[in-house]
Each structure stands twice: as C-alpha cells, then as structure tokens.
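Please look over the sequence and the 3D structure shown here before reading on. The paragraphs below go through them step by step.

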Amino acid sequence: RCYVDSLPCTQPKTYLVLKPLDHVCDGEEPVSVIFLVNAEQVSALATLANYDCPSGDNVQLRFGSGCAQTILYPMCDSEAGRNVCTLGLTDPSSRLPLDKDLLSFSIPYPRFLEMEANAEESFLTKHTWAKLKSRIESE
C-alpha cells in the first residue's frame with residue numbers, strides 16, 4: 001500500500017498513444033521518448049544524459065512495474081519539467097516477453113531534443129563509440 005501511495009500522480013488522459021518517433025505528426029509533441037536498449041546503448045544514453053549537466057544523477061532506476069518505469073515515471077517527470085531519464089523494464093514480470101538483453105530508457109521529450117543536439121559534439125563521434133557501435137551492429 002505504501003508503494004502505491006508513493007507513485008506520482010498525473011492527470012488522466014482520454015488515451016495515451018505510443019508510436020515511433022518518425023510517425024509523430026506536425027502539431028503533435030511527444031511527452032517522452034522510449035528506447036528499448038542493450039547494455040552498450042544504455043551506456044551511450046546514460047553518458048549523453050549527463051554530458052551537459054553539472055550533476056551526475058540525470059538517469060534513475062526507480063522501483064516499479066514495467067509500465068511505471070517505462071511510461072508513468074517519465075510522463076510525470078516530463079509534466080513536472082524534470083529532465084531526468086528513467087531506466088526501466090526491470091520488473092521480472094515485464095521481462096518475460098522481452099529479449100534477455102533489453103531494458104527501456106525513457107527520456108522526457110524536451111531533454112531528448114537537448115541530447116540529440118549534443119550528439120554531434122559528444123563521445124558518439126569518437127573511436128570508443130565506433131567500436132561499441134560495431135559490436136551492436138554485428139549482433
């Protein structure tokens with residue numbers, strides 16, 4: 001009961017649409033962006049999430065169900081203007097339909113845009129990332 005009472009609240013929506021980012025229409029603004037990622041991709045996104053920030057706590061893993069970690073926490077953070085990213089799908093029951101190497105990484109949309117803008121000048125253009133990227137592509 002304490003856990004349920006501690007969950008963040010959000011105004012209920014009539015519906016929630018999940019779709020690929022390249023299917024977002026003009027005039028629509030996502031609340032958050034969700035990636036399904038492996039360890040190398042978590043490494044890259046967590047590094048990029050902290051790349052331009054003075055603190056190193058811009059990625060969190062909070063206890064919860066798969067949908068709380070992947071959707072509820074990031075949606076509430078986005079609504080509150082918090083730019084924290086959330087690692088998720090650690091709930092054992094949410095793991096069953098997933099590839100064993102995948103987690104979710106959810107980013108409030110405004111923070112996603114900032115991270116995307118930083119990508120060209122970040123470690124993603126360096127030799128280390130090229131090696132990790134080749135490991136991802138060879139899978």
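What follows is a walk through charged pairs, a buried stretch and two places with nonpolar side chains.

This is a predicted model, in which local features need pLDDT of at least 70 and side-chain atom pairs count only at pLDDT 80 or more, while totals for chains, interfaces and linings use all residues. Residues are numbered from 1 along each chain as its sequence is written, and side-chain values use heavy atoms, with hydrogens and water left out.

Begin with charge. Side chains of opposite charge can pair when their charged atoms come close. The term salt bridge is used here for a side-chain nitrogen of Lys or Arg within 4 Å of a carboxyl oxygen of Asp or Glu. The structure holds eight salt bridges. One of them joins aspartate 5 and arginine 1, with 3.3 Å from N to O. To describe how open such residues are, relative accessible area is used: buried means under 20%, exposed over 50%, and partly exposed in between (1.4 Å probe, protein chains only). Arginine 1 is exposed because its relative accessibility is 72%, and aspartate 5 counts as partly exposed because its value is 49%. Another salt bridge links lysine 100 with aspartate 101, where the closest N and O atoms are 3.8 Å apart. Lysine 100 has a relative accessible area of 71% and is therefore exposed; aspartate 101, at 45%, is partly exposed.

Arginine 111 and glutamate 114 also form a salt bridge, with N and O 2.9 Å apart. Why are arginine 111 and glutamate 114 separated by about one helical turn? They are three residues apart in helix α5 (residues 109-118). Helices (H or I, at least four residues) and strands (E, at least two) are DSSP runs, numbered from the N terminus. Arginine 111 is buried, at 2% relative accessible area, whereas glutamate 114 is partly exposed, at 36%. A network of salt bridges links Asp52, Arg111 and Glu114.

Now turn to a charged residue without such a partner. Aspartate 91 sits in the loop between β3 (85-88) and α4 (92-95). What is the nearest side chain of opposite charge to aspartate 91? It is arginine 95, 9.0 Å away, and aspartate 91 is buried yet has no salt bridge. Here Lys and Arg count as positive and Asp and Glu as negative, while His and the chain ends are not counted. The side chain of aspartate 91 does make a polar contact of 2.9 Å with that of serine 93. A polar contact is a pair of N or O atoms within 3.5 Å; within protein, one must be able to donate a hydrogen and the other to accept it, and residues adjacent in sequence count only if both atoms are side-chain atoms.

Beyond its neighbours within four places in sequence, aspartate 91 is in contact (heavy atoms within 4.5 Å) with Gly64, Ser65, Gly66 and Gln69. Glutamine 69 lies in helix α3 (residues 66-79) and is buried, at 0% relative accessibility. Not counting residues up to four places away in sequence, glutamine 69 touches several others, including Phe63, Thr86 and Ser106.

Finally, phenylalanine 123 lies in the loop between α5 and α6 (127-137). At 22% relative accessibility, phenylalanine 123 counts as partly exposed. Phenylalanine 123 and leucine 48 are 75 residues apart in sequence and 8.3 Å apart in space, C-alpha to C-alpha.
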